[in-house]
Structures are given as C-alpha cells and as structure tokens.
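Here's a quick briefing to read with the model open in your viewer. We'll start with a small puzzle and then go through the fold topic by topic.

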Amino acid sequence: MRIATWNVNSVNARLPTVLAWVEMAGPDVLCLQELKCVDEKFPREALENLGYNVETHGQKTYNGVALLSRFPLSDVRRGLPGDPGDDQARYIEAVVETSRPVRVASIYLPNGNPVGTGKFSYKLAWFDRLQAHARELLQLEEALLLCGDYNVIPEPVDTHDPVAWKDDALFQPESRAAFRALKWLGFSDAHDVGGEAPGTYTFWDYQARAWPRNHGIRIDHVLMSAQAADRFGGIQTHRNARDMDKPSDHVPVMVEIAD
DNA sequence: ATGGTAGACCTTCTA
C-alpha cells in the first residue's frame, strides 16, 4: 500500500496539478495539507471520481488538512486534542481499513515565524500536544503513520545552507528538540530507515529562484510506529513534482507499507 | 543588501 503526504498550498489553485500527480503516482492514501478552503469548497467530486474516499478538516483562507483513501476510512478524528480554544485546522486522523489496517494522520504543524512571538510559542505548544496525543496512540500498538508538513528542518544536512536558516523558526534548537522528542517516543523516520540520500529536500521557496538553485529544505516527514516500520518497504520523494505546471512549493513524499 | 513569489481576499496576512 502506497501512502503519500503533500502540502499543496491551496487545493483549489492546485487541483489540476494534484489530479495529474495522483493519476501518475497512484497513491492508495494521500494526506494533504494547506487546503486553504472550508470543507464545502473542497474539490470532493474530482477526487471521488478518481476512486478516493475523502475526509476533510478545512478552514477559510488558511491551514486545512485532508485524508484521501482508496480503502474505507473509519475512526476519523478532526483536530488535535489538548486545547479546545485552538480553532486552526491542522490535524486529521483516521484508520485505513484494509486486511491489515493502518492509522494515518495528516499533520500541518505551525510555521512559528517570527521567533520570539506568540506564533513561535504556539508552535511549541502544538508540538507538546502532538507528543501527548502520539503517546496515547502508541499505546494502541497499531501500525501508525504520522505524515505531514512538520515545519522542522531536523538536521543541518536537511538544508542547502544551515547558516541561512539559523534565525528561522523551522531550524531553532527548540523546534528540532521537539521533533526529536516526538521521535524518541518510539517512531522511525521513513527518510532515515529508507536510506534516502542527504540533501533530499521536500520544499523550495517560490522566491529568489530557490528551485533552480536547489536551495531546498526537508520539512515534510513520515514517522512510523514499530508496527508500521515492520511493514515498511521504501520511500520516494517526488522531486519532479516541483517542475510541474503551477507547482506547490512542497513535493509529495510517498512510502510503501506492506498490505 | 533586503529583495524575491504565491495564494486568499478586500488590504493585508501567511508562508
């Protein structure tokens, strides 16, 4: 079973690009981030016509996450627990119902810039809530995949220029420590297990000719529970998607999990 | 040195 994650930077602006990639790559499950629309404006029919079940957690203008699956989805959870006052749509989770089920979450972690503001503390607080929820999920002892745009550059090797990112929220020691702490609960990063080359980036800014210069960063991650890692068959970062017409600034990351 | 692009949307915010 192929499971992919992609920050599309507006699902409606990106619809032809998304449909073209989905038809080419054929993921069984697709986690989307940055829909930038409410549920009623999600292009549900176009994706259902490609054979997907659709669960969305949208928001006007900003954020928004979704899960698409060729298999039935059950036990759908919208929103990250731990703060009833948080109205940002950044988390959706469901169980993919196959002969060997997998629980999958589509995550859009807060960006956190600028550092030293409420946005950065919101990022760290959101990370704390994600860690608490992940701890609960791990107790289920299921195959579990936490997929999405974490807005964290884990290591210097995950950027073309660590110095250029030193003051950015994505590369702060606190952000990197929070990502490590999450992993240390007992997750494997598919990038590490899959042996992808250093410099496998997932995001290139639209500005300053970042893509032609390969000024990229790796911020889209797939974390696997032990039960999922046992079934892990490989990872592909679809770098070529950055060269499509009307590209997202992120590219899809796809993993294989044995059925 | 402090720009550069993209998207939603009402003028500026977010990334």
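Is Asp245 buried or exposed? Asp245 is exposed, because just 7 other C-beta atoms lie within 10 Å, and a residue counts as exposed at 12 or fewer. Keep in mind that this is a predicted model.

**Overall fold**

- Chain A contains six helices and 14 strands.
- The radius of gyration of chain A is 17 Å, which agrees with the value near 18 Å that a compact globule of 259 residues would have.
- If you're setting up a box, the C-alpha trace of chain A spans about 45 × 40 × 40 Å along its principal axes.
- Buried residues account for 42% of the 259 residues in chain A.
- Take the contacts in chain A between residues at least 6 apart in sequence: 68% of them join residues at least 24 apart.

**Asp245 and its loop**

- Asp245 sits in the loop that runs between strand S13 (232–237) and strand S14 (253–257).
- From the C-alpha of Asp245 to that of Val96 is 31 Å, with the two positions 149 residues apart along the chain.

**Strand S8: two buried positions**

- Cys147 is found in strand S8, and it's buried, since 27 other C-beta atoms lie within 10 Å and the cut-off for burial is 20 or more.
- Leaving out residues up to four places away in sequence, Cys147 touches Ile3, Thr5, Cys31, Val104, Ala105, Ser106, Ile107 and Val222.
- Cys147 and Gln236 are 89 residues apart along the chain, and their C-alpha atoms are separated by 14 Å.
- Leu144 also has its place in strand S8, and it counts as buried because 24 other C-beta atoms lie within 10 Å.
- Setting aside neighbours within four places in sequence, the contacts of Leu144 are Arg103, Leu137, Ser225 and Ala228.
- The C-alpha atoms of Leu144 and Met24 are 26 Å apart, and the two residues are 120 residues apart along the chain.

**Helix H3**

- Helix H3 (residues 118–138) has 21 residues, so at 1.5 Å a residue it should span 30 Å; its end C-alpha atoms are 30 Å apart, which agrees.
- The buried residues of H3 are Lys123, Trp126, Phe127, Leu130 and Ala134.
- Looking down the axis of H3, those buried residues fall within an arc of 110°, so they line one face of the helix.
- Gly118, Arg135 and Glu136 are exposed on the other side of H3.
- As for packing partners, the buried residues of H3 sit against strand S8 (144–149) and helix H4 (173–184).

**Helix H4**

- H4 has 12 residues and reaches 16 Å from its first C-alpha to its last, close to the 16 Å expected at 1.5 Å a residue.
- Ser175, Ala178, Phe179 and Leu182 are the buried residues of H4.
- Those buried residues cover an arc of only 95° around the axis, which puts them on the same side of H4.
- Pro173, Arg180 and Trp184 are exposed on the other side of H4.
- H3 is included in what covers the buried residues of H4.
- Just after H4 comes Gly186, with a positive phi of about 135°.

**Helix H1**

- Val18, Trp21 and Val22 are buried in helix H1 (residues 15–25).
- These three residues cover an arc of only 100° around the axis, which puts them on the same side of H1.
- Pro16, Glu23 and Met24 are exposed on the other side of H1.
- The buried residues of H1 pack against strand S2 (29–33).
- Gly26 follows H1, and its phi is positive, near 60°.

**Around the DNA**

- DNA strand B is surrounded by 15 residues, and the closest are Ser10, Ala13, Lys36, Asn111 and Tyr206.
- By residue type, the surface near DNA strand B divides into five nonpolar, six polar and four charged residues.

Methods
Residues numbered from 1 in each chain as written. Chains lettered and ligands numbered in written order. Predicted model: local features only at pLDDT ≥ 70, side-chain atom pairs only at ≥ 80, totals over all residues. Helix = DSSP H or I, 4+ residues; strand = E, 2+ residues; numbered from the N terminus. Rg over C-alpha atoms; globule rule 2.2 N^0.38 Å. Contact = placed C-beta atoms within 7 Å. Expected span 1.5 Å × (residues − 1). Arc of directions from axis to C-beta. Near = placed C-beta within 6 Å. Nonpolar A, V, L, I, M, F, W, Y, C, P; charged D, E, K, R; others polar.
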